[in-house]
Amino acid sequence: KQWYQRRVRESKPATILHHFLACRQPGVQYESLGDVGSLVMDLIRSLYPGNELLDLPQFLLTSQHFELLKEYYRKAEDTRPALTHLAAQAYAATGDHPTAVGMFISVAKTIDLSSELLKVFVGTPDPKVTLSLQYILKCITMLERSSLHTSIVSLATEATQFTDASHHPLLYSLAFKHALEAGEFDTAYRAMGDNPCSSQKHAC
């Protein structure tokens with residue numbers, strides 16, 4: 001299994017596409033001339049940027065083909081929140097954290113739950129929290145798993161620009177916590193000062 005995964009990561013794009021199709025339709029082999037039409041139609045449905053299922057971008061992300069996903073996103077010129085969400089993770093995984101944060105913010109500002117992918121990511125909507133904030137908090141949890149503290153500070157701070165003021169104490173507390181984790185003490189002090197909740201300031 002490890003050998004096979006390594007071969008997929010190191011393979012050429014044509015082999016990657018073959019593996020992608022094999023994952024989508026296990027047991028279907030495209031070996032005879034009679035299968036060419038099916039192969040072409042499957043490729044068109046899967047690769048076309050307007051594909052609502054986003055099969056290929058999800059495959060590229062889970063297979064760690066981050067550069068290919070970024071290229072797909074750039075060439076597709078598709079600003080749907082779900083695709084931007086996938087591409088943002090590729091940028092984060094390749095170290096371009098400011099771009100990733102900007103893309104997460106873009107998704108948060110325009111998010112809706114028409115995409116099954118975002119429905120799964122956000123989870124059950126909380127009536128006490130706006131959808132934008134719920135998405136931001138899920139992104140922060142995801143970034144915490146990679147200890148991307150500076151990115152979390154940027155994400156939480158920027159989110160205060162378009163979220164309800166009642167949620168700002170939480171966002172500034174998160175910014176304070178992760179600024180400390182990153183050793184950015186001046187940033188932590190500013191986050192503490194900007195927090196509108198006096199009790200949380202004292203806790204900091």
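**Exercise 1.** Describe how helix H10 and helix H11 pack in this predicted model.

*Solution.* Two packed helices are described by the angle between their axes and the distance between the axes. Start with the distance: the axes of H10 (residues 149-159) and H11 (residues 168-181) come within 8 Å. Next take the angle, which is roughly 160 degrees. Angles over 145 degrees count as roughly antiparallel, so H10 is roughly antiparallel to H11. Last, the handedness of the crossing is left-handed.

**Exercise 2.** List the residues through which H10 and H11 touch, and sort them by character.

*Solution.* On the H10 side, the contact is made by His149, Ile152, Val153, Ala156, Thr157 and Ala159. H11 contributes Leu171, Leu174, Ala175, His178, Ala179 and Glu181. Sorted by character, the residues of this contact are eight nonpolar, three polar and one charged.

**Exercise 3.** Find which residues of H10 are buried, and name elements that cover them.

*Solution.* The buried residues are His149, Ser151, Ile152, Val153, Leu155, Ala156 and Ala159. Their cover includes H11, together with helix H7 (97-110), helix H9 (131-144) and helix H12 (185-194).

**Exercise 4.** Place Leu155 and Ile136 in the largest nonpolar core.

*Solution.* First, the core: it has 50 residues. Helix H6 (residues 81-93) gives the most to this core, with eight residues. Then look at the residues with the most contacts inside the core: Leu155 and Ile136 are listed there with Phe104, Tyr135 and Ile140. Finally, leaving out residues up to four places away in sequence, Ile136 touches Leu155, Ile105, Ala108, Ala159, Phe162 and Leu171.

Notes: Residues numbered from 1 in each chain as written. Predicted model: local features only at pLDDT ≥ 70, side-chain atom pairs only at ≥ 80, totals over all residues. Heavy atoms only, no water. Axes fitted to C-alpha atoms, helices over the stretch in contact; angles between N-to-C directions. Helix = DSSP H or I, 4+ residues; strand = E, 2+ residues; numbered from the N terminus. Parallel < 35°, antiparallel > 145°, perpendicular 65-115°, else oblique. Left-handed = near helix turned anticlockwise from the far one by under 90°. Contact = heavy atoms within 4.5 Å. Nonpolar A, V, L, I, M, F, W, Y, C, P; charged D, E, K, R; others polar. Buried < 20%, exposed > 50% of the residue type's maximum accessible area, 1.4 Å probe, protein only. Core = buried A, V, L, I, M, F, W, Y, C linked by side-chain atoms within 4.5 Å.
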